[in-house]
Amino acid sequence: QVQLVESGGGLVQPGGSLRLSCTASGSIFNIWAMGWYRQAPGKQRELVAAETSGGSTNYADFVKGRFTISRDNAKNTVYLQMNSLKPEDTAVYYCKADLKAITMVPVSSWGQGTQVTVSS
């Protein structure tokens, strides 16, 4: 079993910053990729940013230049530094890990989500 625990969400004013963290634990052999998705009310969940174990990154166009994803592979942790936040960034942010469990079975695991609200 794999668990992802997120932290760092909250309320911030437009133009402000937040840093999200997500740590994976449990029966993990290795993690191929970790990333962040978000879901606003009434909308589908969408990719924000992802990073592979080799350091390749992928960003949604709407966050390029404002958000930065980073990983600490030794700690099975991924971070999302969010700067210049806009009201439209308001959503529940979810962490996702694509990994191989110790059973050698591929697994995609999601965190419980953390609320980010951008409002004055």
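How many disulfides does a search of the whole structure find? The search turns up 1 disulfide, and this briefing starts there before moving on to a buried arginine and the chain as a whole. Keep in mind that this is a predicted model.

**The disulfide**

- Cysteine 22 and cysteine 95 are the two partners, with an S to S distance of 2.1 Å.
- Cysteine 22 sits in strand E3 (residues 18-26) and cysteine 95 in strand E9 (residues 91-101), so the bond ties together parts of the chain that are 73 residues apart in sequence.
- The torsion about the S-S bond of this pair comes out at about -80°, so you're looking at a left-handed disulfide.
- Buried or exposed, where does cysteine 22 fall? Cysteine 22 is buried, because its relative accessible area is 0%.
- Cysteine 95 counts as buried too, at 0% relative accessibility.

**Arginine 38**

- You'll find arginine 38 in strand E4, which covers residues 28-39.
- Even though this is an arginine, the residue is buried: its relative accessible area is 7%, and the cut-off for buried is under 20%.
- Which side chain does arginine 38 reach with a polar contact of 3.0 Å? The partner is the side chain of tyrosine 93.
- Tyr93 also shows up in the list of residues that arginine 38 touches once neighbours within four places in sequence are set aside.
- Among the others on that list are Gln44, Arg45, Glu46 and Val48, along with Phe62, Val63 and Phe67.
- Glu88, Asp89, Ala91 and Val92 are in contact with arginine 38 as well.

**The chain as a whole**

- If you're hunting for helices, there are 0 of them, against 11 strands.
- Reading along the sequence therefore gives β-β-β-β-β-β-β-β-β-β-β, and the chain is as compact as a globular protein of its length, because its radius of gyration of 14 Å is close to the 14 Å that the globule rule gives for 120 residues.
- Along the principal axes, the C-alpha atoms fill a box of roughly 45 × 25 × 20 Å.

**Burial, contacts and surface**

- Of the 120 residues in the chain, 42% are buried; cysteine 22, cysteine 95 and arginine 38 are among them.
- Take the contacts in the chain with a separation of 6 or more: 54% of them are between residues 24 or more positions apart.
- About 6,200 Å² of the chain is exposed, and carbon and sulfur atoms supply 49% of that area.

Key
Residues are numbered from 1 along each chain as its sequence is written. This is a predicted model: local features need pLDDT of at least 70, side-chain atom pairs count only at pLDDT 80 or more; totals for chains, interfaces and linings use all residues. Side-chain values use heavy atoms; hydrogens and water are left out. A disulfide is a pair of cysteine sulfur atoms within 2.5 Å. Helices (H or I, at least four residues) and strands (E, at least two) are DSSP runs, numbered from the N terminus. Buried means under 20% relative accessible area, exposed over 50%, partly exposed in between (1.4 Å probe, protein chains only). A polar contact is a pair of N or O atoms within 3.5 Å; within protein, one must be able to donate a hydrogen and the other to accept it, and residues adjacent in sequence count only if both atoms are side-chain atoms. Contact means heavy atoms within 4.5 Å. The radius of gyration is taken over C-alpha atoms; the globule rule is 2.2 Å times the number of residues to the power 0.38. Accessible areas come from the Shrake-Rupley method with a 1.4 Å probe; for residues, only the protein chains shown count as cover.
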